[in-house]
Amino acid sequence: MDQQPASGYDAVYAAFRRDPKTFWEERAEAIEWERRWDRVFDPTLGTFGQWFAGARLNTCHNCLDRHVAAGRGAQAALIWDSPMAGQVRSFSYAELRERTARVAGALARAGVRRGERVVIYMPMVPEAAIAMLACARLGAIHSVVFGGFAAPELASRIADAQPTVVVSASCGLEPGRVVAYKPMLDAAIDLSPHKPRACLILQRDVLRAEMQVGRDLDFDEAEAAAAPQDCVPVPATDPLYILFTSGTTGRPKGIVRDNGGHAVALQTSMGMVYGLGTGDVFWTASDVGWVVGHSYIVYAPLLAGCTTVMYEGKPVGTPDAGAFWRVCAQHAPRVLFTAPTALRAIKQQDPEGTHMRRHDLSRLEALYLAGERCDPPTAIWAAEKLKIPVVDHWWQTETGWAITAGFRGLGLFSPKPGSGGRPSPGHDLQVLDDSGAVLPRGQTGNLALRLPLAPGCAPTLWQNEAGYRAAYLDDFPGFYRTGDAGVIDADGDVSVMGRTDDIINVAGHRLSTGAMEEVLAAHPDVAECAVVGMRDDLKGQVPLGLAVLKAGVARPAETIAAELVALVRARIGPVAAFRDARIVARLPKTRSGKILRASIRRIADGEPAAPPPTIDDPAILDEIASVLSR
Ligand code: COA
Ligand code: AMP
């Protein structure tokens, strides 16, 4: 029988499956180690074993110093483009190293030592990336908090991470408003039982912050006064960062990333997934507050010696729907990575792609999408207008890099709109039924990764190993539960259908409906409530809150609904985009009293569905439909 020649992808994936340890050991050669590993993978350590145990390295050295040492100091490392501030600045590798070394010195002077935490609460300014790299330089552990979160969310992260220092800025710039970060930081520190020793505050001219004497230091002054700090080599298994992400409860999970596996996986991904290497320009239009920003604005492009573009702006309105194409023409990335919601925003305002034609996009070779499933019409629209491959790829904060993708570096693009591509070499992806049995191709079930997880994937949760096991490992012994449902088709292409828990994706931002329910339930007039993710043309999903009031509450429903909206904004933040709260008489429940959120979601999405057999009173579904139709 004739055999099809194995594509690059097939051969590389087969090599990984044959011998994962050798596969990763070979790729680890691309990283500079201070000490090599004793065992490439030690199954006796940690929750599922640890990669590169015994090795030592410094991630910042691999991102900056080694490129300077190799003679590439003059190459642009980071281009900051801010239509919000009306500025574009480029930093060479030598400049970025110099600034990072000084900021590391400033952090050290403020008391930060190896293993200690630094919370970074910053807008999309170069100093955010510099602060991250400075922590890595010291062997300290950063924890970046997205700027769209409100003070209580920041406070819970400060309480959990217990930082020695917080790095922040006076303000962020959102279209039409200046977001004062410093008062939010002050409020968060007041709320947190843990108090940082010092705060390093970047003063932006547009709004300068009031400083607290004895605690707050001016970022620029501290940097100027500091002595440059050398890289501190750390064990490969030491945490590089903690990134809090939404879980199924109101309490966010502190995803831990190690140094060694992360460096190897991310460096590998740059060539294998995106097809990029030294000297290439890469633009990830996301935010450093999310994992996409950690991995593909900061660490991976710098590990690979690329030029990374950092963009402080929006896809539309800064100033128009041509903003992305202007940046592409000006800085010439070979690959752009963004969220489908950004493309939908552009498509809504410029369906004909008029703005694309105004700019020279000849150097843009591919568009990668992640954060949520890309709806086929949007993917097809973008591919037709841009005339380049549009590649959806699926991953999560926990994995740090793509679980499935199209692989420019291996000659395999995702062939089907709606599919997230094939499993990355390094990930053994299976579909399981609810009992944990592996399902054949074509059947939908729980997407799970066979252990051990690939390098770069979270080895544990911050100071909560039991929580890690419970959230990811206990349900399907021998596997990591991704929390997503999906199917692998006959060709091996994977489609991700959605979460199996109460996490929702709003404009590519991962949010917990459970956390929003906790906020609604705290309102004095609310007896019980439910929050579900409702389909939205622009953001993919938006939250919808239903609340039942306590008996005897006579205040107008609209007033209480408005208070609930304000409460979620104040407690979680504007990023939750919680704008729709409805007061209802009853919530649909099973006979055992469980709220039927899936039924509420289907009604909100306008999907007719028969009442589930377990429902206590089917008439409630009609009541809900009637409230939602108003
Ligand atoms: N700091 C402070 N506030 C922020 C913020 C930040 N870093 N980021 C967002 N917000 C605020 C916004 O100002 C907005 O507040 P508002 O309610 O007062 O208008 C709210 O949070 C929601 O913001 P956003 O999600 O940006 O929605 P939008 O309606 O303003 O814009 C899009 C819609 C689609 C243009 C926008 O969501 C977008 O660019 N999405 C791409 C997201 C992305 O890149 N995700 C990365 C995952 S890979
Ligand atoms: P986050 O941890 O914020 O990156 O969110 C991860 C979740 O977003 C995943 O578990 C998926 O539910 C969803 N997600 C991310 N990328 C994709 C994609 N390409 N296709 C489908 N869902 C995605």
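**Group meeting: strands, cores and two ligands**

I will start with one pair of residues: Cys199 stands opposite Asp216 in strand β12. Before going on, note that this is a predicted model.

That pair belongs to the contact between β11 and β12, residues 216-218, where the two strands run parallel and are joined by 3 bridges. β11 also pairs with β8, again in the parallel sense, through 5 bridges. On that side, Ser168 is the residue opposite Ile201 of β11.

How much of β11 is buried? For residues 198-202 the count is 5 of 5, so the strand is largely enclosed by the rest of the structure. In a regular strand, side chains alternate between the two faces of the sheet. Here Ala198, Leu200 and Leu202 are on one side, Cys199 and Ile201 are on the other, and both faces are covered.

Leu200 brings us to the nonpolar core, as it is one of the residues touched by Leu107. Other contacts of Leu107 include Val112, Val118, Ala131, Ala134, Cys135, Leu138, Val165 and Val167. The largest nonpolar core has 122 residues, and Leu107 is among the members that touch the most others, together with Trp33, Phe52, Val167, Tyr274, Tyr296 and Tyr299. Which helix gives the most to this core? Helix α5, residues 126-138, does, with 10 residues. There is a second core, separate from this one, of 64 residues; Ile141, Met516, Ala561 and Val584 are among them.

Next, helix α6, residues 151-161. Of its 11 residues 8 are buried, so this helix is largely enclosed by the rest of the structure. The buried ones are Ala151, Glu153, Leu154, Ala155, Arg157, Ile158, Asp160 and Ala161, and that list includes charged side chains as named: Glu153, Arg157 and Asp160. What covers them? The cover includes strands β6, β7, β8 and β14 along with helices α7 and α17. Just after the helix comes Gln162, with a positive phi near 50°.

One buried polar residue deserves a stop. Asn62 sits in helix α3, residues 59-72, and its relative accessible area is 0%, so Asn62 counts as buried. What does its side chain meet? A polar atom of the Asn62 side chain lies 2.7 Å from the backbone nitrogen of Glu32. Leaving aside residues up to four places away in sequence, Asn62 touches Ile31, Glu32, Leu57, His67, Leu302 and Leu303.

Now the ligands. Around ligand 1 there are 24 residues, and the nearest are Glu174, Arg177, Lys314, Arg569 and Arg579. As for individual polar pairs, a side-chain polar atom of Tyr181 is 3.2 Å from a nitrogen atom of ligand 1. A polar side-chain atom of His509 is 3.5 Å from an oxygen atom of the ligand, and a polar backbone atom of Ala285 is likewise 3.5 Å from a ligand 1 oxygen. On its own ligand 1 exposes 930 Å², of which the protein buries 84%.

Ligand 2 is surrounded by 15 residues, with His393, Thr397, Asp484, Arg499 and Arg510 closest. In the side chain of Thr397, an N or O atom lies 2.5 Å from an oxygen atom of ligand 2. For the side chain of Gln396 the corresponding distance to a ligand oxygen is 3.0 Å. The backbone takes part as well: a backbone N or O atom of Gly371 is 3.0 Å from a nitrogen atom of ligand 2. Alone, ligand 2 has 500 Å² of accessible area, and the protein covers 94% of it.

Last, the backbone geometry. Most residues other than glycine have a negative phi, and most peptide bonds are trans. Where are the cis bonds to look at? One joins Thr318 and Pro319, with omega about 5°, and Pro319 is in the loop between β17 and α11. Another joins Leu451 and Pro452, also with omega about 5°; Pro452 is in the loop between β24 and α15.

Two alanines are worth checking for phi. Ala332 has a positive phi near 55° and lies in the loop between α11 and β18. Its relative accessible area is 15%, and with the cut-off for buried at under 20%, Ala332 counts as buried. Ala577 has a positive phi of about 50° and is placed in the loop between α17 and β31. Ala577 is buried too, at 6% relative accessibility.

That is where I will stop.

Terms used. Residues numbered from 1 in each chain as written. Chains lettered and ligands numbered in written order. Predicted model: local features only at pLDDT ≥ 70, side-chain atom pairs only at ≥ 80, totals over all residues. Heavy atoms only, no water. Buried < 20%, exposed > 50% of the residue type's maximum accessible area, 1.4 Å probe, protein only. Helix = DSSP H or I, 4+ residues; strand = E, 2+ residues; numbered from the N terminus. Contact = heavy atoms within 4.5 Å. Polar contact = N/O pair within 3.5 Å; in protein donor to acceptor, adjacent residues only side chain to side chain. Core = buried A, V, L, I, M, F, W, Y, C linked by side-chain atoms within 4.5 Å. Pairing = 2+ DSSP bridges. Near = heavy atom within 4 Å. Areas by Shrake-Rupley, 256 points an atom, 1.4 Å probe, with all protein chains shown as cover.
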